[in-house]
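Thanks for asking me to look this one over. Here are my notes, set out point by point so you can follow along with the structure open.

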Amino acid sequence: MMAEPRTSSIEGKLSEEFAVPSHVDEVKEKMAAFARHHAEAGRKVVLITSGGTKVPLESRTVRFLDNFSSGRRGASSAEYFLDSGYAVIFLHRHRSLYPYVRMFLTVNMLDVLQFRGAEGAAANSGDVVINQQLLPNIAKVLKRYNEVKDGTLLLPIEFNTLSEYLHLLKAAAQALSSIGSKAMFYLAAAVSDFYIPASEMPEHKIQSSNGPLQLSMKMVPKILSPLVKDWAPQAFVTSFKLETDSSILIDKARRALDTYRHQAVVANVLDSRRGYVVVVTPETQAELILTDEDVKNEVEIEDRIVSNLTSAHTKFITQQEG
Ligand code: 9Z3
């Protein structure tokens with residue numbers, strides 16, 4: 001078994017080495033009010049993290065290290081959680097995929113809009129309408145989007161930097177602690193494991209005239225540890241494990257569960273992540289696979305993941321209360 005990370009040193013590192021965003025208290029209060037309101041209305045609340053992180057190499061940043069994550073997993077999962085009756089806090093990277101809107105990002109807006117009336121493109125003023133033949137699902141999606149908006153069921157919170165992500169996740173965990181086991185964490189963001197501390201970062205643009213670049217990066221603190229132990233100890237916590245080598249995937253997922261003692265790990269491999277995942281819990285292991293038929297019918301794997309986890313969450317709540 002892995003040595004358990006020391007929680008207090010992680011909290012210390014977080015406050016010393018990662019700049020606290022100025023709006024963190026305000027956002028925390030917003031999240032706490034959202035959670036209280038929905039829990040009182042009998043809803044469960046899920047905090048979804050989504051998207052990649054970028055890690056700056058210079059303090060006046062010209063260059064940064066990024067990763068592949070599009071935020072699609074988080075955005076589509078948010079929709080399935082909403083369909084399952086959850087209220088959703090969507091902690092996502094600025095400009096990563098967003099629930100509902102994600103479906104229309106590949107269309108050029110100007111190609112699907114037209115002037116109303118017979119004169120069509122010849123007109124140069126008047127009402128603009130959408131060509132629904134080019135966006136067959138738009139009415140259905142717009143209706144659902146408006147229902148979610150009118151019910152204030154989705155609270156979007158953005159992060160840009162790794163520091164913002166870490167502090168906002170901490171604030172979210174503390175904000176949700178008041179609703180105990182009704183809270184779920186669904187940590188799908190692809191967060192950098194490495195960073196350069198502000199004290200070791202050059203201020204100005206790194207000069208290529210100095211020759212080849214060697215970087216030394218530090219480990220990002222394992223924030224899952226204080227989240228599970230201290231900030232939201234009663235919540236149902238799901239982390240994600242990504243590998244490129246499928247032969248080590250399940251072992252790594254089990255090790256994460258042993259180390260952090262949370263409830264579930266969704267294990268996935270980069271290339272097959274849209275069609276295959278394994279949900280690993282201390283007692284179970286469920287393979288979720290999309291068949292060719294599923295793909296033809298536009299079934300998404302997030303539908304299966306969310307259905308698996310919402311059932312596990314319901315059982316978890318019953319056990320906690322019993
Ligand atoms: C995931 O594994 C997500 O499923 C993906 C989704 C990021 C692969 P997309 O955003 O992709 O839909 O394009 N997220 C967690 C990845 C991660 O970095 N996990 C770390 C690890 O595996 C920390 S738990 O060690």
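1. Between which strand and which helix is the place of Tyr-100? Tyr-100 belongs to the loop that runs between strand S4 (87–93) and helix H4 (109–112). Please keep in mind throughout that this is a predicted model. Tyr-100 is not a glycine, yet its phi is positive, at about 70 degrees. As for burial, Tyr-100 counts as buried because its relative accessibility is 5%, and the cut-off for that word is under 20%.

2. Thr-152 makes a good companion to look at next. Here too phi is positive in a residue other than glycine, with a value near 40 degrees. You will find Thr-152 in the loop between helix H5 (138–150) and strand S7. Is Thr-152 buried or partly exposed? Its relative accessibility is 47%, so Thr-152 counts as partly exposed; that class covers values between 20% and 50%.

3. Moving on into strand S7 (residues 154–159), you come to Leu-155. Leu-155 has a relative accessibility of 12% and therefore counts as buried. If you would like a distance to check on screen, try Leu-155 and Ser-50: 105 residues separate them in sequence, while their C-alpha atoms are 13 Å apart in space.

4. Now for the ligand. Where does the ligand sit? It occupies the largest pocket. A shell of 16 residues surrounds the ligand, and the closest of these are Ser-69, Gly-71, Arg-73, Lys-241 and Asn-268. Sorted by class, the shell holds seven nonpolar residues, five charged ones and four polar ones.

5. Which elements supply at least two residues each to that shell? Helix H3 (72–83) and strand S11 (236–243) both do. Strand S11 gives the most, contributing three residues to the shell.

6. It is worth zooming in on the polar atoms around the ligand. Two of the pairs involve the protein backbone: a backbone N or O atom of Ala-188 is 3.0 Å from a ligand nitrogen, and a backbone N or O atom of Leu-242 is 3.0 Å from a ligand oxygen. Arg-273 takes part through its side chain, where an N or O atom lies 2.9 Å from an oxygen atom of the ligand. How much of the ligand does the protein bury? Taken alone, the ligand exposes 600 Å², and the protein buries 87% of that area.

7. Glu-300 deserves a look as well. This residue is in the loop between helix H9 (292–296) and helix H10 (301–321). Although Glu-300 is a loop residue, it counts as buried because its relative accessible area is 14%. The side chain of Glu-300 is joined to the side chain of Tyr-80 by a polar contact of 2.7 Å.

8. My last stop is Val-266, found in strand S12 (residues 264–269). What is the relative accessible area of Val-266? The value is 0%, so Val-266 is buried. For a second distance to try, take Val-266 and Gly-322: the two are 56 residues apart along the chain, and 27 Å lies between their C-alpha atoms.

Conventions: Residues numbered from 1 in each chain as written. Predicted model: local features only at pLDDT ≥ 70, side-chain atom pairs only at ≥ 80, totals over all residues. Heavy atoms only, no water. Near = heavy atom within 4 Å. Polar contact = N/O pair within 3.5 Å; in protein donor to acceptor, adjacent residues only side chain to side chain. Areas by Shrake-Rupley, 256 points an atom, 1.4 Å probe, with all protein chains shown as cover. 1 Å grid on protein atoms, 1.4 Å probe; cavity = no way out; pocket = protein on both sides within 12 Å on 5 of 7 lines; lining within 4 Å. Sits in = over half its atoms within 2 Å of the grid points. Helix = DSSP H or I, 4+ residues; strand = E, 2+ residues; numbered from the N terminus. Nonpolar A, V, L, I, M, F, W, Y, C, P; charged D, E, K, R; others polar. Buried < 20%, exposed > 50% of the residue type's maximum accessible area, 1.4 Å probe, protein only.
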